[in-house]
Amino acid sequence: MSLLASLTSSEQRSAFLARLEKEQARRKAENKLAHYRPYPKQQLFHNASASHRERLFMAGNQLGKTFSGAAEAAIHLTGRYPDWWEGRRFDRPVRAWAGSETNEVTRDGVQRYLVGEPKNEQAWGTGIVPKACLKDWTRRQGVPNALDGIMVEHVSGGLSMLGFKSYDQGRTKWQGETLDFVWLDEEAVQGAARSAVAATPEGQAVIRATQAAGPRVSPDQAGQVIQREMRSVADARESARSEQAARDYAAARAAPERVGVDRTIEVERPGEPIITQPEGAPRFTDAAPRPMDPPPVVEASAATGPESLARFVARHGGLRLDGDVLATDLHRFNIPGMGNVARENGKGIDNYWRERLIEAGYLRADADGGAARDITNELLRKLQNEQRGVPSYPIDSERQAAAARGRQGQVTDEYRAAQSQAESSLDEALSRAGVPPESLHPEVRSRTVGALMRGEHVDPLDAYERTIAGMREPPAPYSRSTTVTEEISAPRFGQVNPQAALDALDRQARAAKGDVRAELEQVRRDFLEYGTDPLSGVRETDLSIEGLLHARERLDQRLTRAREDGDATKVRDLQSVRAALDEQLKAAPEVATADANFAANSRPLEPFAGNAPLGRVTQRDPLTRRMATPSEQVPSHLEGASAAREFLANATPAARAAFEAREVTRILDGVSGNGPLTADGIRAAMRQNEDLLAQIPEARARLQRLALAHQGREAVERSPLGRIAERPDMKRAIDALFPTKPVEGSSSDVATAVGAISRSNSLAARELVRTYLGTEFAAKTKDLQGGGNQAGGAKFAASIRGNDLAGENVFAAIRALPDGERLAAGFSRLLDIFEATGTRQGVGSRTSFNNEALAEIRKGNLGAEIGKAAATGGLNLPKRIAQAFEDWQAGRNVERLAALLTTPEGGRRLADLASARPGADTISLLNRLVVLGARGSGGGAREDAGPLQLKVRAVP
């Protein structure tokens, strides 16, 4: 049975639960460190200790800066590192210091967070340091409830030590010790002043202008955006140009044939036969050489490449043997395993083969994409070329077919060369031997030439004799046909005649030498058709737009190489040919249109070409496709007004924004490299970059606004508030706010500065004014001490309130504090009472306050008596109040009076004095102020715990 269940009444259970909750709250209050969970900014601050010796936590007011510092200090002091801790660790007890602006600020800030509420010693141990670990402490003399140091138990078993310091102790108090860490909490006055400067309209303007100027952008960050965006621009323009060119040049290649070229060719026709011997072929024994081998044929098979046109036609039924097909010998063109290309039961060209071959890719579609044109001549020409050893392949397999045709041509040429050489050597040998070469029977010639070609014999006569010896019988006479050669007209038709370009080439070649001449010969070959003409038997000049476009492309490549090599002669000669060819091509309207569109689409790409700034930025390796220029170097290629102008003319919004942000960063970095940002520095940098900023007006406007904002802030920084923000300690802050020789109107500056600091940190403002007033009160009463100057409260009040500029500054500072108007009115009322009631006795005199008053009455000082009655309501002041007044008037304990003006309760009581009725109310408030002043200076506690008992009597 649980303890809770054993309790019988609800009252017992409620009481028990209340005790549990109270115990839980106590344990939580005495072990806050176990429940500390930093938010992300605090976590980053703690983690940074792993790699940084010094750290700064900068944030707004009441956002946990001091608490996170106290938590980290407690973690190191106790050695209780939580699971989330990633910062530095100490595995032993540590020695450390913690401090703030003054002893009081250190007590109310650092000490309170670490130990607990300073004014309640029973609460010591409810700070962030666990009470179980807080083993001992030492007190600081002269500062109520302030500690000089604490000793904390470390998990390793030893004791960590932390000392409390203040900035106003001076540099010497902060040296000579070996420490593990130092925690410096914010400098209250200076930090408040800086926050106040930032909170002014001018400070806020700098913040807004800095934000508008944009974040800092590194060269690499800007380069990545610029390079990516500009590469996309270049790619888009190249794509647009390519798409347009593909459409335009496709239309140009399909242009009709508009030119014709006259030519004559030699043709052979059968002549009258010559009967030399009886018909019949000679017969040979096995000893005779075998006939000449047929020309080898290289053909791309289905397994190794595309199917040729003739094989495709034969495999799908062949051509019908009618019409123009009858005029060819395609019915004798046999494809092994497929049959003849032309046959009696073949398929018609118009009703089958036109659409079938265009669909299969062997013929090009019509310009409109259809298949309506007459393909008869084109088809028969290709099939006859294949019959001669030059096969045709589908258009999309052009490169493979070209390779096959190249191999076939090479093999055929080698075969023909060997045959020609064998026949020539045979004819020469027969002629020398007296045998007419033309008398040889074709079979004898074939076997003799075959033996020579195969290398069976070196001597032609040996091969001939072997052939004759291998005959079974002497050669019989045979009938030999004759051939008649004649020239006929065979004009060629095409799309463009490049003769003008060839003429220009011939003119340049006549005077060319060396590699220039060789280059021109290579150009000439580019003008020839691929393969031999079926009629002339030679490679004719290409009259097609497609072929001549390829020739122009090759010519452009040769020109580029010549320019790269710096060969001006070669460039001149090639350019002359190029210009002539271009003129001829543009005679075709379709080519002219395509070239014009290509040129128009190329102009937007000119900035991205060659060694231009954008060309260097967007250059890409053709193989890896990686950018050639590192991104961090991109901004350097765009420096200068001309490079920026060209870039901005082509930039995308994202690239422009990245460029502007980088340029603003570069300009501001140049200014800040010479010190803090200033309006003059920004404007000087803008003048140095005027040509560039003229092209990016938005960036110039942001810099102008930033310069104007800094100009306004610099005016604030020259004011007392700004000078306080620059001072590192309280004394210098006071010197900045309250100069020893104030000038007319300085009270307004004092009020402005104190008010701004108070809005940022009211405690810091009170501390500043308290320190100043204590010093000022002491200075005002210094001349009242000793000697013949025995004036009383009237002189003290007159000295503090006097009409001099320093007195104006005193009241200006008081009015600028929270509830300052009532506070100043109450302080003025207190000075009125000083004037009316206080007369300081000579040194050593302890005569009662009323004796002085009676003496003044006897002297007839009726005005003083009337003032005293008005202030006190006709009542005398108790001894405690009179003694405090006498001390203040004598310049003793004036810091108590200053503290009354700056502590929350003292301020409220003093403000109430302004409206208190003369008599008991006023005297009661005065008594309370004196007690508060005594406490504020470490004067001890109240005399009793009951209500204040005042004994008053009427003034005689």
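**Notebook: rings, strands, a helix and two loop residues**

I started with the aromatic residues and found one cluster formed by Tyr36, Phe67, Tyr81, Trp84, Trp85 and Tyr113. I note here that the model is a predicted one. Tyr113 also has a charged neighbour: Arg112 lies over its face, 4.9 Å from the ring centre.

I then counted aromatic pairs in the structure and got 11. I looked up one of them, Trp124 with Trp137. Their ring centres are 5.1 Å apart and the planes stand at 80 degrees, so I logged the pair as edge-to-face, the class for angles over 60 degrees. Next I asked where the two rings sit. Trp124 is in the loop between α5 (103-114) and β2 (134-139), while Trp137 belongs to strand β2 itself. The pair therefore ties together parts that lie 13 residues apart in sequence. I checked burial for both partners. Trp124 comes out buried, at 4% relative accessibility. Trp137 is partly exposed, at 27%.

**Strand β4**

I moved to β4, residues 159-166. Six of its eight residues are buried, and I wrote it down as mostly covered. Which strands does β4 pair with, and in what sense? Strand β1 (residues 95-100) runs parallel to β4, joined by six bridges. I picked out one partner pair there: Ser100 bridges to Ser166 in β4. Strand β3 (residues 147-153) pairs with β4 in the antiparallel sense, over five bridges. On that side I noted Val152, whose bridge partner in β4 is Ser160.

I followed the chain from β3 into β4. The two strands form a hairpin with five residues between them. In the turn, Gly157 has a positive phi of about 115 degrees. I also found a second charge over a ring: the charged end of Lys165 sits over Trp97, 4.4 Å from the ring centre.

**Helix α13**

I looked at α13, residues 442-453, for length and burial. The helix has 12 residues and spans 16 Å from its first C-alpha to its last, close to the 16 Å expected at 1.5 Å a residue. Is α13 enclosed or open to the outside? Nine of its 12 residues are buried, so the rest of the structure largely encloses it. I listed the buried ones: Val444, Arg445, Ser446, Arg447, Thr448, Val449, Gly450, Ala451 and Leu452. Two arginines are in that list, Arg445 and Arg447. Just after the helix, I found Gly455 with a positive phi of about 80 degrees.

**Asp533**

I looked up Asp533 in the loop between α16 (514-526) and α17 (545-565). Asp533 is buried, with a relative accessible area of 11%. What does its side chain meet? I found a polar contact with the side chain of Arg263, at 3.5 Å. Setting aside residues up to four places away in sequence, I listed what Asp533 touches: Arg263, Arg492, Val538, Arg539 and Glu540.

**His331**

I ended with His331, in the loop between β9 (319-320) and β10 (334-335). Buried or partly exposed? His331 counts as partly exposed, at 29% relative accessibility, because the buried class stops under 20%. Beyond its neighbours within four places in sequence, His331 is in contact with Leu321, Asn340 and Ala342. I also checked its distance to Glu344. The two are 13 residues apart in sequence, and their C-alpha atoms are 8.7 Å apart in space.

Note on methods:
Residues numbered from 1 in each chain as written. Predicted model: local features only at pLDDT ≥ 70, side-chain atom pairs only at ≥ 80, totals over all residues. Heavy atoms only, no water. Helix = DSSP H or I, 4+ residues; strand = E, 2+ residues; numbered from the N terminus. Expected span 1.5 Å × (residues − 1). Buried < 20%, exposed > 50% of the residue type's maximum accessible area, 1.4 Å probe, protein only. Pairing = 2+ DSSP bridges. Polar contact = N/O pair within 3.5 Å; in protein donor to acceptor, adjacent residues only side chain to side chain. Contact = heavy atoms within 4.5 Å. Phe/Tyr/Trp six-rings, centres within 6.5 Å; stacked < 30°, edge-to-face > 60°. Lys NZ or Arg CZ within 6 Å of the ring centre and 35° of its normal.
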